[in-house]
Amino acid sequence: MSAPHPSASPPATGALAIDHLSISYLRRDRVLPVLTDVSFHIEPGEAYGLVGESGCGKTTVAMAVMCYLPTNARIEGGHIRLRDTDLTRAGEAQLRSLRGNRMAMVYQDAGSALNPSLTIGRQIAEVYRFHGGLDTTAAMDAAAAMLETVQIADSARMLRRYPHELSGGQQQRVMFAMALATSPDLLVLDEPTTGLDTTVEAEVLDLVARLRSKFSASILFISHNLGIVTRMCERVGVLYAGRLIEEGPSREIFSTPRHPYTLGLTRCVPNRIMRKDAHRLDPIPGSLPPLGLAVQGCVYAPRCPIARARCREEDPPAFVSGERRVSRCFYHDEVSGIPRSEEALPAIGGESAGGDLLRVEHLSKRYGAGTNQVVALDDVSIELEAGEILGLVGESGSGKSTLAKCVVGLLEASGGEIDFAGRPLVRLGDWRKPELRRKLQMVFQNPDTTLNPSHTARRILTRAARLLSTAGSSADVERQVTALAAAVQLRPHHLDLKPSFLSGGLKQRVAIARAFAGAPALVLCDEPTSALDVSVQATILNLLVDLQTKERVAYLFISHDLGVVRYLADRIAVMYLGQIIEIGRAEDVFSPPHHPYTEALLSAMPTIDESEGARIKLSGTMPNPANPPTGCRFHTRCHRFLGEICREREPPWQEDGEGHRYRCHIAPADLEAAQQEAMSRPAKDGNRPEAEIRA
Amino acid sequence: MGRFLVKRLFLAFVTLFCVSIVLFLVAQVMPGDVGRAILGPYATEVQVRALDHQLGVDRPLLERYSTWLGGFVRGDWGSSFLLHRPVASIAFDRLYNSLILGGFALLLIVPTSIGFGVLAALNYGKWPDRVISVAGLSLIALPEFVTGIMVLVIFAVELGWLPASSHVPSFNPIDWFRQLLLPSIPLMFVLFGYISRMARTGTIESLRSNYVRTAILKGLPRSTVIWQHVLRNSLLPTITVISVQTGYLVGGLVVTETLFNYPGIGKLVLDSAVQHDLPVLQATVLLVAVLYMALTLFADVLYTLLNPRVRLAA
């Protein structure tokens, strides 16, 4: 047992010191606390991660550090010190000399963070002109040098480019160039890779790691992704409802959490060995308390599996234990013993009756004509059995969504066949029979834009029930709406709310219930959980698995999150530039021999449950689909490039006879050996989870 | 860019062709008889017919249309029935006068409106914003003939500061204001509302954008943030509005030129319509349409040149 400590961090004077910071938002005469007594220090050169679900106050911390809080925010108490400057007391002029000079920030969505009508050279040079006092020419030269530092080649030409001419990864590099131009003491990174493809994300993170050795900046790294924080940071703080509830070295904090919330976060995310038929995800029950709710005792008590009477009465102090571990939980010693929830695993239904539910053959989709023609889908063939989940992965622009939209009939395919339940499908949904439309449903990524904002959840579901189901009388419809709501665990009072009053997770549940109204046979899910927090994602994934087993529904599940796909999918298809380049059972696709592109995607995946492996770097970005490379489409970026043959000849399908096939010129035995060797090389413990699965 | 221009020019010609048909038909079905309108009520029916035949207004519709359009394209716009002068020379004289008046109004009101619009945006929700927004909306709601008569009564009749009837000014700048200020006020009032609103909306949007946050967090001075980062993006949509409103200005010119008896193209359109001077009416209205097309095209090209996303995609 350890002693309570007055401050959450050791009283050191770091590069950034936040002490007892409390911030409130004023909204219609109400004072809503968003941060309560947050304290942490970041040492010079240290990277400190801040994690927690959305709404926990992560971005408020970042904005408070940059002194860029919204006008209705008020600092109620505490201090933020950058070296020896108290930022809470700095005036406008002083802030101008600090921002972009001694502290800089990079955030999500670099595309909108750069001025669309100024060249990137000018935008980087501004920093040198105002903080370095350089004249225009010297500032441009410095900007060019900085572009080289962030590994943008051909800097002289790139300086004259406008932001929209750059790829997402390059835009984020430009943001880093701007932020590091003056070699600041502190770099605040707020979800810097969210929204980027996994491979690009890995590149940007590699860049940050490399820049850290060149620049001595301390880093405040905010992310919802525990894997990335583990990879990038030495220490991590966990925020919950505006309070720092746990802090410690990043390797330890997620392997041996000392706060039930941290443990909850780690258990929401499927790890390398979890599969839907053997493991259930553990979502955190309940939801974040609404802003401004007065809480007595521990804020996490209502959701905590080990909360006792004391937790509901006393606010737990910060307990310091071991080497720089801090937890605000009375029972932090018991956290490691919390069992996984004992929810019964759904019984996986019997083997399918045989025959494919969906069979897509030689499907193609072209946009435009002549020299501007873009081939979004090129000779795509997939098959899906009833009750089966096919995961569809690939970088953005690979044609995943186009495939789903062609199947559901939102887009008209240019060629090829789609057979559904043994019959050919009319290409456009408008011309399909209602019965067929009912059987084929889609769930989209963003429930905000797919649900009518002026209808209540009940009205949305009633409409769907009336249009899609066979229910006749209004009593039948009502009964069905209640049943649908129950199936997706919506409470009755949720039904009478409009989407804007529902949280992201609840909205997505409404969207899923809508899709299930007509007892569909196939549901196309286009990134259904990527906008959601991990604990909500866990709930939705469990729900999808339940519905699959109960209703024998098949899914085409599109996701950029390989961890989720591996957990959920029975089979996986990998797309690249409009082609399927690999397809097979999930465990076959995830282990060698597999396509070099799949290998690269897997190695780019950040996780919390393994030691760092050497990452395969894909060179360059995805080629322009209007002008795809000859031969193997992947040869321009392939790390296992053989030579002329890859450039000139389309690779053959390598099949193992059990449904796993991929397109590559390398002989399967050679590829397997090379990939096994690559996997075992960097891992220090030599005992990779894949090996466990296969053993 | 080249393809974009060709496409736009082609569309402009199609539009003008349609305008010419509508215009010709409307002019033909106007009540009253051309010969009668020229010769007056005391001419005999035979005299009127003879004049109609001489002018060619009794020939079949299609023939008259093709003759007229062919002439217009070749630059032969015919002669005025009343003034017996070539239509082209009358129309261009009057157009020149109107351009002086319209140009004067635009020159004064565009910077003023943008200035106030940006000022309102920078003080979003505070009193300068409220005053400017309410004033702009009120001015849009007042038609030119109301504001025109008001300024005429107050400044010309009651106070006697400026002339009630305006002439084309000399090169003396004081004379510009003396002759043009009153007739341009009604035009400016309407333009002010639209342009300042657009400038305000664009600026507010830009101020909330992530790139302005980036600029502020780079530690740039406020003036640099506003001039380099905000205005460059916020005024793009304003340019489109100005060009559309410039076309609208032509309609306003008819009212204000008549009210102040200013010899511009607006007054010419009205006079020739009242007096059934068909060659003048048709040619001037088509000229206005050409002008309108040219202005819109110019605005689009300008927008394209200022917006790198459009410029480089084309």
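These are my notebook entries on a predicted model.

**Ground rules.** Residues are numbered from 1 along each chain as its sequence is written, and chains are lettered from A in the order in which they are written. In this predicted model local features need pLDDT of at least 70 and side-chain atom pairs count only at pLDDT 80 or more, while totals for chains, interfaces and linings use all residues.

**Entry 1, cores.** I looked up the largest nonpolar core (buried Ala, Val, Leu, Ile, Met, Phe, Trp, Tyr and Cys residues joined through C-beta atoms within 7 Å; buried means that 20 or more other C-beta atoms lie within 10 Å of a residue's own, with C-beta atoms placed from the backbone). I found 213 residues in this core. Helix α19 of chain A (residues 534-551) gives the largest share, 8 residues. A:Leu556 is among the residues with the most contacts inside the core. I noted that a second, separate core has 58 residues, including B:Val151 and B:Val190.

**Entry 2, a helix pair.** I then looked at α7(B), residues 144-158, and α8(B), residues 173-207 (helices are DSSP runs of H or I, at least four residues, numbered from the N terminus). Their axes, lines fitted to C-alpha atoms over the stretch in contact, are 9 Å apart at an angle of about 140°. The two helices are therefore oblique, since angles under 35 degrees count as roughly parallel, over 145 as roughly antiparallel, 65 to 115 as roughly perpendicular and the rest as oblique. B:Val151 of α7(B) and B:Val190 of α8(B) are among the residues making the contact (C-beta atoms, placed from the backbone, within 7 Å).

**Entry 3, between chains.** I found 24 residues of chain A and 18 of chain B in the contact. On the chain B side, α9(B) gives the most, with 6 residues.

Methods
Contact = placed C-beta atoms within 7 Å. Axes fitted to C-alpha atoms, helices over the stretch in contact; angles between N-to-C directions. Buried ≥ 20, exposed ≤ 12 C-beta atoms within 10 Å, placed from the backbone.
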